[in-house]
Amino acid sequence: MIEREQIEMDVVFVGAGPANLAAALHLKNQIKVHNDLIDRGLPGHKVGDLEIAIVEKGPFVGAHILSGAVMDPIAIRELMPDFLEQGCPVDTVVTDDEAWYLTDTKSITAPITPPPLKNKGKYIISLSKMCEWLGEKCEEAGINIFPDFPATEVLYNDANQVIGIRTGDKGIGKDGERKPNFEPGVDLLAKITVLGEGSRGSLAKQLMSRLGLMEDKEPQVFSLGVKELWELPAGNFPEGKVVHTLGFPSDTETYGGGWLYGMKNNVLSIGYVTGLDYKDPMIDPHAEFQKFKTHPEVAKILAGGKMIKYGAKSINTGGYWTMPKLYADGVMLVGDSASFLNGQRIKGIHTAMKSGMLAADTIILAFASNDFTSETLHHYHESVRMSWIHDELFPVRNFHAAFQRGRWSALVNSGLQYITGGLAWGFMPHEYHVAGHRRMEQIDGSASPAVTGGAVDRKQTGDGRESQAADAGSSSVGPFYHLNHAERYEDLKFDKQLTFDKITDVYHAGVSHDEDQPSHLHVLDTEICATRCTEEYGNPCQRFCPAAVYEMEANPQTGRRELKVNFSNCVHCKTCDIADPYQIINWVPPEGGGGPNYKGM
Ligand SMILES: Cc1cc2nc3c(=O)[nH]c(=O)nc-3n(C[C@H](O)[C@H](O)[C@H](O)COP(=O)(O)OP(=O)(O)OC[C@H]3O[C@@H](n4cnc5c(N)ncnc54)[C@H](O)[C@@H]3O)c2cc1C
């Protein structure tokens, strides 16, 4: 039994992303406003100076933050109307935006940029830099920030109420034994715990499962964003220009699209998003991105440039229908952890920040009434419903579902949804796909309550048999699932100038993990990998992981290929936890400080 220090706080925020940083800062600011109102006669009780902590698994605030990013300033303006005067490190203002449809060789610019992709006047930012700055603002306001502190467990009392979190132990060797520098994690006890861990939060996953927060909700749908920063020769791409693309290299069955954002000093943010609900298990989102860069129009922009940084991160694109219950006794969920991202605009910074600020308003109410149960915390749900978040997310509630019937249906459907405020034929079915497999589990691993859509043609699902047939070169498979990995990316050569293999890219993500620690990627049954998964899906972990973490390696003793996990490459995108067909990969935070270094991304 390990003796752990217990530290009592009032509020603990897990994750120093835009959601929680905005939440903590707004909380500090609004306590003063609330108490002034009481002084002026508003009925109610004052709130004392709260002890607030933010724990962050990265070694500094911003280290694990990866985004595009074009920021809609609506939320930061509410948080801090003079954010520019206060030094918010925006990179540049968007002055021009375009939408391109890419065929294999040509690009067609949409005559009118679709309204959701209009960005003029918004800001291109490095979200990592912005979070670093917001972190400083929080510290100036007296908020305690603990970097290097991954939260590994939610703590509950006997009544199943959340009473805080436990941080990870440090100094355990890969053999599971304590090293001389062993330090047990601490228990941070709090009246309210706020989870803002971003997409596929590891504590949020535990919490949703234990408290059933996804009951009656649609299962989450994720995408993977793969990004590089490039330094370009002057004149290749204008500062302030924003381009979004559709088409090449995604097939018409796969949700995907690219971006090019022109930053200051001839730096370009370029990336590609692939829906992890793809049907062909041979898809490799990293390779899709590399292929995107080989398009003649894109390659022309990158010519003579140099890649300077790389990163990848999952995005929860399910939207409104996939939002969990936002609170339970002693706990609230904010930002991407609670599916606040607008998938149509691929924007979640402003909604994450606003959700945090609304959570903070409810926290004040809770302390004023000395009640931290759902009785008071449900006000958070009400205030989200009454805010502009609801006005923004509800009309696009069916956006991602529209893509389940392919790109052309999606384009027509999205147009209809735009005109009708969200009505169309695309409702999120209970049955969905993840990385080539038909998935029918909820987030807690239980069977889905209902499977709509009737019998599914196995060929159309890209399920195991087809991929096996595909590997054998069979021609009897569906139109999109007949290629093996090499064929799908046959033209893709990693020349290390325009295109990069995963290992080279990972080097540019600045990843580091102490190798003498247990792997933080818990594969619960490696026998499945060497048998069923090889046969049924051709081990898609080797492809969906954008950091070459998973490898099938020949074992001369058993005469078969077995799983090798290079956990030290992990960029914390969480794709494996999401996309593994058997749901046997559990991503947990590694020892504090390990992971990518996305400074400036
Ligand atoms: C490739 C890509 C491009 C995007 N482009 C845009 C864009 O152009 N515009 C836009 O508005 N949005 C964009 N988004 C979405 C946007 O980045 C997110 O919606 C937003 O960052 C969500 O904020 P968050 O605070 O909820 O989570 P995050 O930004 O993910 O922050 C979560 C933080 O919590 C930490 N954390 C996680 N788990 C733990 C734990 N257990 N213990 C301690 N710390 C933990 C993480 O290290 C991280 O620092 C993009 C996202 C991606 C991935």
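pLDDT is the predictor's confidence in each residue, from 0 to 100. Keep that scale in mind from the start, for the structure in your viewer is a predicted model, and its protein chain averages a pLDDT of 89, with 89% of the residues scoring at least 70.

**First stop: the stretches to read with caution**

Colour the chain by confidence and select residues 426-432, where pLDDT stays under 50 and where the model has 37 contacts beyond four places in sequence. Then select residues 440-482, over which pLDDT also stays under 50, and for which the model has 83 contacts beyond four places in sequence. Where pLDDT is low, the predicted coordinates should not be read in detail. With that in mind, the tour turns to other parts of the chain.

**Second stop: helix 1 and its two partners**

Select helix 1, residues 18-39, together with helix 3, residues 127-140, and look along the pair: their axes come within 10 Å and cross at roughly 20°. Angles under 35 degrees count as roughly parallel, and helix 1 and helix 3 are therefore roughly parallel to each other. The crossing of helix 1 past helix 3 is left-handed. To see what touches, show the side chains of Pro 18, Leu 21, Ala 24 and Leu 25 on helix 1, and on helix 3 those of Leu 127, Cys 131, Leu 134, Gly 135, Lys 137 and Cys 138. Sorted by class, the residues of this contact between helix 1 and helix 3 are eight nonpolar, one polar and one charged.

Now keep helix 1 and add helix 7, residues 349-369; here the two helices pack at an angle of about 40°, with their axes 7 Å apart. Helix 1 and helix 7 are therefore oblique to each other, and helix 1 passes helix 7 in a right-handed crossing. Among the residues of helix 1 that meet helix 7 are Pro 18, Ala 22, His 26, Gln 30 and His 34, and those they face on helix 7 include Ile 349, Met 353, Gly 356, Asp 361 and Ala 368. The contact of helix 1 with helix 7 has 14 nonpolar, four polar and one charged residues.

**Third stop: from helix 7 to helix 8**

Leave helix 7 selected and add helix 8, residues 374-385, whose axis comes within 8 Å of that of helix 7, the two crossing at roughly 150°. That makes helix 7 roughly antiparallel to helix 8, and the crossing is right-handed. On helix 7 the contact is made by Ser 355, Leu 358, Ala 359, Thr 362, Leu 365, Ala 366 and Ser 369, and on helix 8 by Thr 376, Leu 377, His 379, Tyr 380, Ser 383 and Val 384. In this contact of helix 7 with helix 8 there are seven nonpolar, six polar and no charged residues.

**Fourth stop: the six-stranded sheet**

Switch to the strands and trace the order 9-3-2-15-22-21, which belongs to an open sheet of six strands with mixed pairing. Strand 9 (144-146) and strand 21 (327-328) stand at the edges, each with a single partner strand, so one side of each has no neighbour in the sheet. Within this order, select strand 2, residues 11-14, and strand 3, residues 52-55, which run parallel and are joined by four bridges. Here Phe 13 stands opposite Ile 54 in strand 3.

**Fifth stop: the four-stranded sheet**

The next selection is an open sheet of four strands in the order 1-14-11-10, again with mixed pairing. Its edges are strand 1 (6-8) and strand 10 (151-156), each with a single partner strand, so one side of each is left without a neighbour in the sheet. On average, neighbouring strands of this sheet are turned by 25° against each other, direction ignored. Strand 11 (residues 162-167) and strand 14 (residues 187-189) run antiparallel and are joined by three bridges, and the bridge partner of Arg 166 in strand 14 is Asp 187. Add helix 4, residues 202-211, which lies across strand 10 and strand 11 and runs at about 30° to strand 10.

**Last stop: three details of the backbone**

Most residues other than glycine have a negative phi, and most peptide bonds are trans. Against that background, select the peptide bond from Gly 68 to Ala 69, which is cis, with Ala 69 placed in the loop between strand 3 and strand 4 (70-71). The peptide bond from Phe 248 to Pro 249 is cis, with omega near 0°, and Pro 249 is found in the loop between strand 17 (241-247) and strand 18 (256-262). Finish at Asn 265, which has a positive phi of about 55° although it is not a glycine, and which lies in the loop between strand 18 and strand 19 (267-275).

Key:
Residues are numbered from 1 along each chain as its sequence is written. This is a predicted model: local features need pLDDT of at least 70, side-chain atom pairs count only at pLDDT 80 or more; totals for chains, interfaces and linings use all residues. Side-chain values use heavy atoms; hydrogens and water are left out. Contact means heavy atoms within 4.5 Å. Axes are lines fitted to C-alpha atoms, for helices over the stretch in contact, and angles run from 0 to 180 degrees between N-to-C directions. Angles under 35 degrees count as roughly parallel, over 145 as roughly antiparallel, 65 to 115 as roughly perpendicular and the rest as oblique. A crossing is left-handed if the near helix is turned anticlockwise from the far one by less than a right angle, and right-handed if clockwise. Ala, Val, Leu, Ile, Met, Phe, Trp, Tyr, Cys and Pro count as nonpolar, Asp, Glu, Lys and Arg as charged, and the others, Gly among them, as polar. Two strands pair if DSSP finds at least two bridges between them.
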